[in-house]
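Let's take a walk through a protein structure together. Keep the 3D view open and turn it as you read.

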Amino acid sequence: MNCDAIETLLDDLEGAPGTDPRRGELEQHLEGCPRCRARSARRAALAGAVARLPREVAPARDLWPEVRARIEAPAVPPARRGWAPAAQWGALAASLLLAALALVVALRSRTDPGPGAASAAVEVPAQASPAALEASADPLLEAQHNYAAAADALLAAIGEHRGQLSPETIETLEHNLALIDGAIAEIQASLHDAPQQPGREKMLATLYKKKIDLLWRVSRLSS
Amino acid sequence: MSKPRVLLFASLLVLAASAAHADRSVSKSVAAEADGHVSVEVISGKVELIGWDRDEVEVTGSVGDDVEELRVRSVAGHVSIDLEIDDEDGRHGSRDIDARLTVNVPRNSSVEIESVSADVSVEETDGAVSIESVSGRVTVRAAVREAEIESVSGRIEVTSASALEEGEFETVSGDIALDAALQAGGSYSFESVSGNIELRLPRDVSASFEVETFSGRIVNALGPEARRESEHGPGMTLSFSTGDGAARVEIESFSGRVELRER
C-alpha cells in the first residue's frame, strides 16, 4: 500500500471501530514509513484534543439576532495566502465550519420552536474543533468568519493539487461554486430586504454547508 | 504532399495515438461474505455494480493505459476495489485513467462507491448503498434498504420496487428522481441548489412532507398546492401529511423545480 492509499485509509478509519481489520494493514505500513507515521501522529494529536472538548455549550443568551446580522452581511472574500495548507488542515477548517453551522441551525430552531426543536443546550458535534470551542463564549458570531476560513483553506488545498484534476472536473467545480455563490448572494439580498425569514436563514446555512462539502470533496480527490 | 497522402498520414497518426492509449482488459475476483461491505473507487469511466447469489466479488472490464493496477482486496468482510494510477509526474488530470468495470457482489452487501466523472449504476442489490460522485450520473435500480447519494452535477435516479427504509440525496446542479415506496418511520431528505427534484410515490403513501424553495416551482399531485413563502420573493413552501404521516420527507431546493407525483 502506498502513502496516498494510507492517507485515504487514515480518513476512512477516523471514527471506525478499533477492531476494523484495516488497522492491521495501516500499522504495518506505519512501521516502515516515517512520513506517514508523523502524519498519523499529527492527526492523533488533533483527534485527542477534540475528544477532550466538552460536548455541550449552553448559550448564555439569545444570540440569534446577532447571528442573523452577521449572516446578512456580505460574505468575506477569502484572503489570498498561497497554496500552503494541506488537505488535512482543510478538513480541520471544514469541521470548524460545520460546528459553527450546527450551532446556527440549532439556535434558529430554538428561537423558532417547531416539531423536534432543539433544547436550550446546543449540542456541539463531536468533531468540533478547538478553535470553535475557544470561541464558544460567543460562538455563533464566528460563523461567517469560520465559513470564509474553511472555504479559503479548502480552495488552497485544491489549488495546490490542481494539476491532478481533469479540466472537466475543474469546470464542474467552478460552475457549481458559481451557482452556490449566486444562490448565497440572492438569499443574502432577500434577507437584507426582509430580515424575518427563518426558512431562508436555514437555506442559507444549507448553502454554506453545501459549498464546504463541494470544496472538501474536490480537495480529497485532488490530493 | 498531395491531398490523399496528407489524409493517409493523418489517419496513421490517429491510429498510432489510439494504439498508444489502448484500454486493457482486467478480471479479478475474491471470496466475500454474503452481507459484507464492498467499496469501489474510480475516477472516470463507468461502474456497473450488480448483485448476485454467490459469495464472491468479481470485477471485470477494462482500464486505461495509465492505470498500473486494478486492486481488489478483501480484509475480514470488507472488499475494496480501487485503481493504482501511474503518477510519475503527479498530473492525473491529463492521464488515461478511465475504468469501465462490471462489479458483481453478493446481493446483501452494503456498497460504497466514490467517483469523479464515472457513471455509476447499481442493480439487484438489497443492502445499503452510499455513492458520491462529482459529475457522473448515478442510477440505482434495486431494492436497496438505505440510500445515501451525493452528486455535484450528475443526475441521481433511484427506482426501487420495494420500500426504501432511509434515504438522503444531495446535488448542487444535478437532478434527483426517486421512484419508490417509503417505509413507516423512515426519513428521507432531498437537497439541491438548481437541480430538479422529482418524487414518484405510491398513491397511499403515509408521510409528512416539508418542502421549501427559494425560487423553484413546487408541483404537488399528492396533496394541497404549495403557497408563496412571503411577499418578498418567489419562494414556495409546502407542508402536509398523507395517511398517518408515518414517514418524514424533507425537500429543499434553491431554484430547482420540485414535483411530487403518484407512481
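We begin with one chain, move to the contact between two chains, and end inside the other chain.

Please keep in mind that this is a predicted model. A good place to start is chain A, whose secondary structure comes to 9 helices and 2 strands. If you trace chain A from the N terminus on, the elements run α-α-α-β-α-α-β-α-α-α-α. Chain A has 223 residues, and buried residues make up 47% of them. You can also ask which parts of the chain touch each other. Among contacts in chain A between residues at least 6 apart in sequence, 79% join residues at least 24 apart.

Now turn the view to where the chains meet. How many residues does each chain bring to the contact? Chain A gives 36 residues and chain B gives 41 residues. Between them, chain A and chain B bury about 3,200 Å², with 55% of that on carbon and sulfur atoms. On the side of chain A, the residues that lose the most area to chain B are A:Arg200, A:Met203 and A:Arg217, which together account for 21% of what that side buries.

Charged side chains take part here too: the count between chain A and chain B is 5 salt bridges. You can look for a salt bridge between the side chains of B:Glu191 and A:Lys210, at 3.4 Å from N to O. The interface also holds 7 residue pairs in polar contact, counting pairs with both residues at pLDDT 80 or more. Which elements of chain A give two or more residues to the side that touches chain B? They are α1 (3-13), α2 (22-32), α8 (167-193) and α9 (198-222). Of these, α9(A) gives the most, with 13 residues. Sorted by class, this side of chain A has 13 nonpolar, 12 polar and 11 charged residues.

Next, look inside. The largest nonpolar core has 64 residues, and those with the most contacts inside it are B:Val57, B:Ile81, B:Phe169 and B:Phe190. Separate from it is a second core of 29 residues, which includes A:Ala183, A:Ile187, A:Ile212 and A:Leu215. Back in chain B, B:Val57 shows how far along the sequence contacts can reach. Leaving aside neighbours within four places in sequence, the contacts of B:Val57 include B:Lys28, B:Val38, B:Ile81 and B:Val105.

Two more residues of chain B deserve a visit. B:Leu164 lies in strand β13 (residues 156-164) of chain B. Is B:Leu164 buried or exposed? B:Leu164 counts as buried because its relative accessibility is 1%, and the cut-off for buried is under 20%. Although B:Leu164 and B:Leu182 are 18 residues apart in sequence, their C-alpha atoms are 5.4 Å apart in space. B:Leu182 is one of the contacts of B:Leu164 beyond four places in sequence, and others among them are B:Val144, B:Phe169 and B:Tyr188.

The last stop is B:Asp82, in strand β6 (residues 78-85) of chain B. With a relative accessible area of 13%, B:Asp82 is buried as well. What does the side chain of B:Asp82 make a polar contact with? The partner is the side chain of B:Arg73, at 3.2 Å. Not counting residues up to four places away in sequence, B:Asp82 touches B:Glu41, B:Glu69, B:Leu70, B:Arg71 and B:Arg73.

Notes
Residues are numbered from 1 along each chain as its sequence is written. Chains are lettered from A and ligands numbered from 1 in the order in which they are written. This is a predicted model: local features need pLDDT of at least 70, side-chain atom pairs count only at pLDDT 80 or more; totals for chains, interfaces and linings use all residues. Side-chain values use heavy atoms; hydrogens and water are left out. A nonpolar core is a set of buried Ala, Val, Leu, Ile, Met, Phe, Trp, Tyr and Cys residues joined through side-chain atoms within 4.5 Å. Buried means under 20% relative accessible area, exposed over 50%, partly exposed in between (1.4 Å probe, protein chains only). Contact means heavy atoms within 4.5 Å. Buried area is the accessible area (1.4 Å probe) that two parts lose on being put together, summed over both. A salt bridge is a side-chain nitrogen of Lys or Arg within 4 Å of a carboxyl oxygen of Asp or Glu. A polar contact is a pair of N or O atoms within 3.5 Å; within protein, one must be able to donate a hydrogen and the other to accept it, and residues adjacent in sequence count only if both atoms are side-chain atoms. Helices (H or I, at least four residues) and strands (E, at least two) are DSSP runs, numbered from the N terminus. Ala, Val, Leu, Ile, Met, Phe, Trp, Tyr, Cys and Pro count as nonpolar, Asp, Glu, Lys and Arg as charged, and the others, Gly among them, as polar.
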